[in-house]
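Okay, thanks everyone, I'll keep this short. Have a look at the screen, and stop me if anything is unclear.

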Amino acid sequence: MKKVIHILLATLIILSAMTMYASATHTSATYEYDLGDTKYTVEFEDNNLTTEQQETIAAKILGIETSTAVPANIWCDLFGHDLVSSTVTATEHKVRSSTPRCLKHTYDVTVCEACDYSEQTLVASTYINCCPVD
């Protein structure tokens, strides 16, 4: 009986160590867009969202996708949305001719994992130095 308990404890410790390692190796996702003459960089500071959700949010923030219709989902209607939040920065490059040249917008994004509901709230806008003067 003691061997079984020791094996279960060892397995639990190994699984928890693997989980901590996997969560520590996640990196932020960055997307780059060229819209006309302007270059944009959209960066997700954590990996709470799937790749598809990140691409949809980036398109909405940049105005590429303007659809606001949310398909009906009976689960969300009955029990509420299963919300996940993330912080997103969208940098518009070479906005000004002198330094600081780039405009960085920071958003709080909330997405439902069960339906297409999403909400983006602008938190801050600041000019930053990221592109050299031509």
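So, contacts along the chain: if you take the contacts with a separation of 6 or more, 54% of them are between residues 24 or more positions apart. Bear in mind that this is a predicted model. What's in it? The protein chain has 3 helices and 5 strands, and reading along the sequence you get α-β-β-α-α-β-β-β. There are 134 residues in the protein chain, and 28% of them are buried. On the outside, the chain exposes about 9200 Å², with carbon and sulfur atoms supplying 56% of that.

Let me start with helix H2, residues 51–62. Does the length make sense? What span should the 12 residues of H2 have at 1.5 Å a residue? The expected figure is 16 Å, and the end C-alpha atoms are 17 Å apart, so the two agree. Right after H2 comes Gly63, which has a positive phi, near 85°.

Which residues of H2 are buried? Those are Gln53, Gln54, Ile57, Ala58, Ala59, Ile61 and Leu62. And they pack against strands from E1 through to E5: that's E1 at 29–35, E2 at 38–44, E3 at 83–92, E4 at 102–112 and E5 at 118–128.

That takes us to the nonpolar core. The largest one has 17 residues, and the members touching the most other members are Tyr33, Val42, Phe44, Ile61, Val88 and Val109. At least two residues of this core come from each of E1, E2, H2, E3 and E4. H2 gives the most, with 4 residues. Take Ile61: setting aside neighbours within four places in sequence, Ile61 is in contact with Val88, Ala90, Tyr107, Val109 and Gln120.

Ala90 from that list is worth a stop. Ala90 is in strand E3, and it counts as buried because its relative accessible area is 4%. Beyond four places in sequence, Ala90 contacts Thr41, Val42, Ile61, Leu103, Lys104, His105 and Tyr107. As for Lys104, its C-alpha is 5.8 Å from that of Ala90, with the two residues 14 apart along the chain.

Another one of those contacts is Thr41, over in strand E2. Buried or exposed, Thr41? It's buried, since its relative accessible area is 14%. Its side chain makes a polar contact of 2.7 Å with the side chain of His93. Leaving out residues up to four places away, Thr41 touches Thr30, Tyr31, Glu32, Thr89, Ala90, Thr91 and His93.

Now over to strand E5, where Ser118 sits. The cut-off for buried is under 20%, and Ser118 is at 19% relative accessibility, so it counts as buried. Which side chain does Ser118 join in a polar contact of 2.9 Å? That's Lys60. Not counting residues up to four places away, Ser118 touches Ile57 and Lys60, plus Thr110 and Val111.

Next, a loop residue. Asp46 is in the loop between E2 and H2, and at 27% relative accessibility it's partly exposed. The Asp46 side chain has a polar contact of 3.4 Å with the side chain of Asn48. Further along the sequence, Asp46 contacts Gln54, Ser86 and Thr87, once you ignore neighbours within four places. For Ser86 the sequence gap to Asp46 is 40 residues, yet the C-alpha atoms are 6.6 Å apart.

Last topic, the cysteines. How many disulfides are there? The count is 0, using a cut-off of 2.5 Å between the sulfur atoms. For Cys76, the nearest cysteine sulfur belongs to Cys112 and is 3.6 Å away, so by that cut-off there's no disulfide. For Cys131, the nearest cysteine sulfur is that of Cys102, at 3.3 Å, and again there's no disulfide. Are these two cysteines buried or exposed? Cys76 is buried, at 8% relative accessibility, and Cys131 is buried too, with a relative accessible area of 15%.

Right, back to the picture on the screen, and over to you.

Key: Residues are numbered from 1 along each chain as its sequence is written. This is a predicted model: local features need pLDDT of at least 70, side-chain atom pairs count only at pLDDT 80 or more; totals for chains, interfaces and linings use all residues. Side-chain values use heavy atoms; hydrogens and water are left out. The expected span of a helix is 1.5 Å times one less than its number of residues. Buried means under 20% relative accessible area, exposed over 50%, partly exposed in between (1.4 Å probe, protein chains only). Contact means heavy atoms within 4.5 Å. A nonpolar core is a set of buried Ala, Val, Leu, Ile, Met, Phe, Trp, Tyr and Cys residues joined through side-chain atoms within 4.5 Å. A polar contact is a pair of N or O atoms within 3.5 Å; within protein, one must be able to donate a hydrogen and the other to accept it, and residues adjacent in sequence count only if both atoms are side-chain atoms. Accessible areas come from the Shrake-Rupley method with a 1.4 Å probe; for residues, only the protein chains shown count as cover.
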